[in-house]
Structures are given as structure tokens and as C-alpha cells.
There are 2 protein chains.
Amino acid sequence: MVRLVVMSDLLERLRGRGWRMTAQRRVVAEVLDGEHVHLTADEVYTRATARLPEISRATVYNALGELVSLGEVLEVATDDRAKRYDPNAHRPHHHLLCSRCGTIRDVHPTGDPLADLPDSERFGFTVSGVEVTYRGLCPDCTTT
Amino acid sequence: MVRLVVMSDLLERLRGRGWRMTAQRRVVAEVLDGEHVHLTADEVYTRATARLPEISRATVYNALGELVSLGEVLEVATDDRAKRYDPNAHRPHHHLLCSRCGTIRDVHPTGDPLADLPDSERFGFTVSGVEVTYRGLCPDCTTT
DNA sequence: ATCCTACGATGGACCAATTCCAAGTCAATA
DNA sequence: TATTGACTTGGAATTGGTCCATCGTAGGAT
Ligand SMILES: [Mn+2]
Ligand SMILES: [Mn+2]
Ligand SMILES: [Zn+2]
Ligand SMILES: [Zn+2]
């Protein structure tokens with residue numbers, strides 16, 4: 001039995017969590033749902049505008065912020081100025097990014113970097129997570 | 001034989017590399033030299049101003065940018081809005097940062113994260129480096 | 001089906017971090 | 001010491017994001 005409905009897993013979950021559903025929130029969630037992209041707030045805004053022309057930037061920022069607090073979306077800080085929003089919050093992963101064009105890919109390294117930080121290197125911190133960012137050149141940028 | 005002169009290792013190197021030395025560039029380099037801090041551009045500007053009151057922000061940004069291109073200083077992007085500048089570019093290391101107050105510490109995890117990224121997870125990229133960022137609460141923020 | 005109201009949406013002002021620019025200054029070479 | 005290309009400056013511009021007063025509406029109550 002093949003599952004044809006791929007969308008709205010996220011929408012479903014949000015509703016279940018009591019997230020008040022509005023046309024604006026729906027399109028933001030829909031833009032993020034689906035493939036594992038890493039859009040900037042402005043890219044989300046542009047795509048949302050295609051579906052709901054009167055949506056405002058402030059609303060997009062609000063919705064993104066809420067999705068992040070809810071743990072449904074991850075905020076990724078690259079060295080670009082703009083944060084990126086990652087809907088793939090359920091399967092833990094890390095990132096590989098192209099220093100030239102900014103492309104981001106999800107990667108799943110082997111090993112547990114948390115285990116690689118001995119107590120003597122924790123300086124009394126309560127360590128709760130770790131992000132690994134690989135940098136390099138994507139196939140396109142390597143040849144060009 | 002104890003080495004008393006701890007400063008100007010950086011200055012020395014820059015001179016040797018043919019970096020045209022001006023009063024402004026010197027104070028920026030001096031602010032960064034020495035202990036392993038992670039200052040924002042504005043913090044560098046403030047400290048530089050203490051030594052050379054007429055220096056301008058633009059010049060601080062210019063000098064920082066050049067030091068980064070020269071590989072003498074590392075740019076660290078946290079989730080804060082402002083980038084941090086790390087003079088510890090010679091001994092490879094990673095970072096542990098407090099999610100509450102923003103404190104950053106250098107850490108040296110065991111293991112090689114580059115070796116943990118199999119070819120099948122490189123997607124044709126030429127991978128050149130990796131950053132590991134541990135997050136948690138510093139001792140102060142844990143108790144408070 | 002309609003009412004109510006607390007929560008959400010809006011756009012425009014505001015802000016912080018950074019970059020850009022035209023004009024003035026100066027370090028290093030000859 | 002004269003020359004000149006590189007560096008510095010202050011302010012304007014740009015970018016990415018937040019704030020806020022006001023208006024609109026989702027969804028529970030009736
Ligand atoms: Mn991702
Ligand atoms: Mn460091
Ligand atoms: Zn690329
Ligand atoms: Zn702290």
C-alpha cells in the first residue's frame with residue numbers, strides 16, 4: 001500500500017498540537033513541507049507570496065519563529081547573513097555546504113561527535129547538542 | 001629561557017607577508033593578538049578605539065576582512081547576529097558555546113570528523129574542512 | 001448559524017550589523 | 001623628499017530582522 005499523500009504530515013502535526021491554523025500559517029508550513037530544503041526567510045516569503053499574495057513579511061517571520069520554538073523546523077546559521085530554515089527536524093543530521101554557491105546538503109556522518117568531547121574538555125558546561133558543518137565545493141563549483 | 005614577548009607574533013608574521021602596516025591595522029592586530037578570545041567586530045572596534053580614538057568602524061571591518069583572507073583570523077558564525085573573530089587560527093580546534101549567554105570556549109574533541117564522512121555522503125563535493133559546534137549551558141548559566 | 005474575543009496578520013517604522021563610496025591621507029619605495 | 005597606489009574616513013546605503021498599533025478572523029460558546 002503506497003502512501004500518495006506526502007504533504008501535510010507537518011500540517012497534521014501542527015493542528016494536533018493546537019496550533020491555530022490560518023491561511024498564512026498554512027502556506028508557510030506548506031512551503032517548508034516536502035523536500036528537504038534550506039530556505040532563507042526571504043525565500044520562504046517569496047514562495048508563500050506565490051500562493052497567498054497578500055501575506056506579509058512579518059507574518060512569515062512570526063510563523064518561522066513559532067515553528068522553530070515548536071521544534072518542527074531547525075534554524076541553520078551559515079556564514080551567510082541570512083539564517084536558513086530546515087524542515088527536516090525529525091531525523092538528526094548534519095550539513096555539507098558549498099563555500100562558493102552556498103548550496104546545502106544533509107549528511108549523515110558515522111560516529112557520535114558528542115562522545116568525542118571528553119569531560120575534561122567540557123569546562124563544566126551542560127552540553128546538550130552538537131552541529132557538524134562540512135565545507136567544500138559542490139560538483140558544479142569544483143569544475144567551474 | 002623564558003619568552004617574555006608574547007605579543008606581536010601576529011604583527012611579525014603580517015609584516016613578513018608584506019601587509020602594509022598602518023597605525024589602524026596595528027591596533028586591530030594588537031587587539032586580536034594574545035589570549036584566545038572571540039570578539040565581535042564591534043567589540044574589536046571598541047577596544048581599538050581605546051588605543052587609537054580616531055579609528056573608524058569601516059577600517060576595523062576592512063582590517064578584519066583582510067586578516068580573515070590571509071588566514072590569520074577565523075570568522076565564527078554563531079546564531080547571534082554578529083560574527084565573531086577568532087585569532088586562534090593556527091591550532092585547529094572547535095567550539096563550545098553557551099546558548100544562554102553566548103560565551104564561547106575552544107575545545108579539542110578526539111577523533112576526526114572528516115574521517116566520519118564517507119564518500120557516499122559527500123555527493124561529489126570536494127570537502128575541505130569541518131566545524132564542530134557544541135551547544136549547552138556554561139557553569140554560570142546552568143546554576144542561574 | 002451567529003456571536004465573541006483572544007489570538008493572529010498587517011505594513012510601516014525602527015534597529016543592528018555590515019558594506020559601499022567619494023574624498024582625503026600616508027607608508028613605502030625610488 | 002617626491003611620488004603614488006594603497007589605506008582611511010564619515011556618512012549613506014543595504015541587508016536581515018524586530019516592534020508595534022491597529023485591524024481581522026479562527027474557533028469555541030450559545
Ligand atoms: Mn538539513
Ligand atoms: Mn576559537
Ligand atoms: Zn557550489
Ligand atoms: Zn552562559
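Below, a trainee and a mentor discuss a predicted model. Local features need pLDDT of at least 70, side-chain atom pairs count only at pLDDT 80 or more, and totals for chains, interfaces and linings use all residues. Residues are numbered from 1 along each chain, chains are lettered from A and ligands numbered from 1 in written order, and side-chain values use heavy atoms, without hydrogens and water.

Trainee: Which residues coordinate the manganese ion (ligand 2)?
Mentor: Donors are N, O and S atoms within 2.8 Å of the metal (3.2 Å for Na, K and Ca); water is not among the atoms, so sites may look incomplete. The distances here run from 2.0 to 2.3 Å. The ligating residues are H38(B), D86(B), H93(B), H95(B) and D106(B).

Trainee: How many residues apart in sequence are the parts that H38(B) and H93(B) tie together?
Mentor: H38(B) sits in the loop between helix 2 (23-32) and strand 1 (39-40) of chain B. H93(B) sits in the loop between strand 3 (84-86) and strand 4 (94-98) of chain B, so the pair links parts separated by 55 residues. Helices (H or I, at least four residues) and strands (E, at least two) are DSSP runs, numbered from the N terminus.

Trainee: Are H38(B) and H93(B) buried or exposed?
Mentor: Buried means under 20% relative accessible area, exposed over 50%, partly exposed in between (1.4 Å probe, protein chains only). By that cut-off, H38(B) and H93(B) are both buried.

Trainee: What relation links chain A and chain B?
Mentor: Copies are superposed by least squares on C-alpha atoms of residues with pLDDT of at least 70 in both. Chain A fits chain B with an RMSD of 0.2 Å after a turn of 179° and a shift of 0.0 Å along the axis. That is the relation of a two-fold axis.
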